[in-house]
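Work through the exercises below with the sequence and the 3D view open. Try each task before reading its solution.

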Amino acid sequence: MSNSRIRKAALAVILGGVFAAGASLAQAQGMPVHPQVPARDVKLDATLGRAATPDEIKAWNIDVRPDFQGLPAGSGSVATGTKLWEAKCASCHGDFADSNAVFPPLVGAYQATKQDIKTGRVAKLADINDGATTVEKLSTLSTLFDYIHRAMPWNEPGSLTWDDTYALVAYLMNLANVVPGNFVLTRDNVQQVQDMLPNRNGMIWNHGMWPGKEIGNGGIPDTHNTDCMKNCAPAPKITSFIPEFALNNNGNLADQYRQWGPIRGMVTESAAEQEKKAKEKAAAANNPDAKVVALLKDKSCLACHSLGDNKLVGPGYKEVAAKYGGKKDMVAELTTRIIKGGSGVWGSIPMPPQTISEADAKMIAQWIVDGAKQ
């Protein structure tokens with residue numbers, strides 16, 4: 001028998017088993033079975049799977065549409081949002097959402113004008129040389145609800161209640177001069193706030209990206225090219241690259257662990273930078289101070305704290321060492337602060353809890369008390 005016939009015979013056996021098992025399953029569930037499919041006894045595992053409960057479905061079904069479908073009832077005041085912001089958001093976005101130290105500012109110095117609110121288009125956006133902040137470009141208030149509730153704060157996503165989310169959205173809208181300071185945002189008045197968004201009319205709908213007939217152009221393609229059928233040019237190779245000047249702007253991509261996907265990142269460091277890192281790593285193995293500095297880099301502590309005495313988001317380590325240097329009784333307290341976070345000692349911006357082992361946190365605390373040497 002040829003290989004082709006063997007493959008066909010094997011496929012027939014497999015498909016026959018699949019269809020027969022499917023027929024038996026249908027019979028077990030009281031469904032009609034096609035008369036040409038012979039029924040066979042199949043043991044069904046009654047413990048395999050179960051229907052999701054309403055509460056489980058509700059926990060996953062949290063998306064909010066631009067027409068506010070999916071937004072549950074709730075309320076939040078600007079005053080409550082202010083307190084929540086200081087406790088959970090200010091460390092990354094600044095007290096007034098205008099910080100550019102960790103993430104781009106959400107609300108800038110520019111304030112929406114009455115004309116912007118009237119037209120629904122922020123006039124400033126016409127100037128391509130002038131950067132715009134997130135709220136200035138925002139066209140749908142549902143985007144704020146959905147993203148804040150789903151993904152914020154970055155170190156504890158999903159921890160905010162819907163009332164918390166209402167309050168934070170109200171606070172941002174107050175910073176953008178859309179609502180007054182005594183405003184309480186609710187499910188009943190959320191559309192009124194949407195109708196006052198300065199850039200609510202800034203989204204373009206009339207293109208093929210929107211397939212529905214109720215909006216846009218019904219999915220008509222934006223281009224009208226036709227496929228080449230003969231005497232065609234060689235097929236282009238579509239790829240991407242990072243310009244040389246920007247290669248290492250965000251650190252060596254190969255060192256940044258990704259929990260999903262097959263790509264682990266290309267090496268974006270120059271040969272000189274790789275050699276320097278190898279020397280630092282070798283030095284860290286025998287130098288406890290260098291080992292701590294390497295740990296600070298690995299845990300992204302240097303995104304908020306410099307190794308010197310200049311302040312970034314938080315104080316520099318030299319400044320912290322000047323306050324606690326030589327105070328051995330502070331090692332335990334500093335260890336706790338590093339792990340659990342804290343606020344009030346170095347200003348109004350709190351430090352969020354850190355994902356770090358107690359041993360590593362204690363090593364950093366001891367390094368600070370010993371003078372933060374490098």
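**Exercise 1. Place Thr165 and describe its surroundings.**

Step 1. Thr165 sits in helix H8, residues 162-175. Helices (H or I, at least four residues) and strands (E, at least two) are DSSP runs, numbered from the N terminus. The model is predicted: local features need pLDDT of at least 70, side-chain atom pairs count only at pLDDT 80 or more, and totals for chains, interfaces and linings use all residues. Residues are numbered from 1 along each chain as its sequence is written, and side-chain values use heavy atoms, with hydrogens and water left out.

Step 2. Thr165 has 0% relative accessibility, so it counts as buried. Buried means under 20% relative accessible area, exposed over 50%, and partly exposed in between (1.4 Å probe, protein chains only).

Step 3. Leave out residues up to four places away in sequence; Thr165 then touches Phe145, Ile148, His149 and Leu160. Contact here means heavy atoms within 4.5 Å.

Step 4. Take His149 from that list. Its C-alpha lies 5.9 Å from that of Thr165, and the two are 16 residues apart in sequence.

**Exercise 2. Find the disulfide in the structure and describe it.**

Step 1. A disulfide is a pair of cysteine sulfur atoms within 2.5 Å. Searching the whole structure gives one.

Step 2. The partners are Cys228 and Cys232, with sulfur atoms 2.2 Å apart.

Step 3. The torsion about their S-S bond is about -105 degrees, so this disulfide is left-handed.

Step 4. Cys228 is partly exposed at 48% relative accessibility. Cys232 is partly exposed too, at 38%.

**Exercise 3. Why do Cys89 and Cys301 have no bond to the closest cysteine sulfur?**

Step 1. For Cys89, the closest cysteine sulfur belongs to Cys92 and is 8.7 Å away, too far for a bond. Cys89 is buried, at 13% relative accessibility.

Step 2. For Cys301, the closest cysteine sulfur belongs to Cys304, at 8.5 Å, too far for a bond. Cys301 is buried, at 15%.

**Exercise 4. Describe how helices H11 and H14 pack.**

Step 1. H11 covers residues 288-298 and H14 covers residues 358-369. Their axes are 10 Å apart and the angle is about 120 degrees. Axes are lines fitted to C-alpha atoms, for helices over the stretch in contact, and angles run from 0 to 180 degrees between N-to-C directions.

Step 2. H11 and H14 are therefore oblique to each other. Angles under 35 degrees count as roughly parallel, over 145 as roughly antiparallel, 65 to 115 as roughly perpendicular and the rest as oblique.

Step 3. On the H11 side, the contact is made by Asp289, Lys291, Val292, Val293, Leu295 and Leu296; on the H14 side, by Asp360, Met363, Ile364 and Trp367.

Step 4. Sort the contact of H11 with H14 by class: seven nonpolar, no polar and three charged residues. Ala, Val, Leu, Ile, Met, Phe, Trp, Tyr, Cys and Pro count as nonpolar, Asp, Glu, Lys and Arg as charged, and the others, Gly among them, as polar.

Step 5. The buried residues of H11 are Ala290, Val292, Val293, Leu295 and Leu296.

**Exercise 5. Describe the packing of H12 with H14.**

Step 1. H12 spans residues 317-324. It packs against H14 at about 70 degrees, with the axes 8 Å apart.

Step 2. That angle makes H12 roughly perpendicular to H14.

Step 3. Tyr317, Val320, Ala321 and Tyr324 of H12 meet Trp367, Ile368 and Val369 of H14.

Step 4. By class, the contact of H12 with H14 holds seven nonpolar, no polar and no charged residues.

**Exercise 6. Describe the backbone at Ala97, Ser300 and Pro153.**

Step 1. Recall the background: most residues other than glycine have a negative phi, and most peptide bonds are trans.

Step 2. Ala97 is not a glycine, yet its phi is positive, about 60 degrees. Ala97 lies in the loop between H4 (90-93) and H5 (114-119), and it is buried at 0% relative accessibility.

Step 3. Ser300 also has a positive phi of about 60 degrees. Ser300 belongs to the loop between H11 and H12.

Step 4. The peptide bond from Met152 to Pro153 is cis, with omega near -10 degrees. Pro153 is in the loop between H7 (141-151) and H8.
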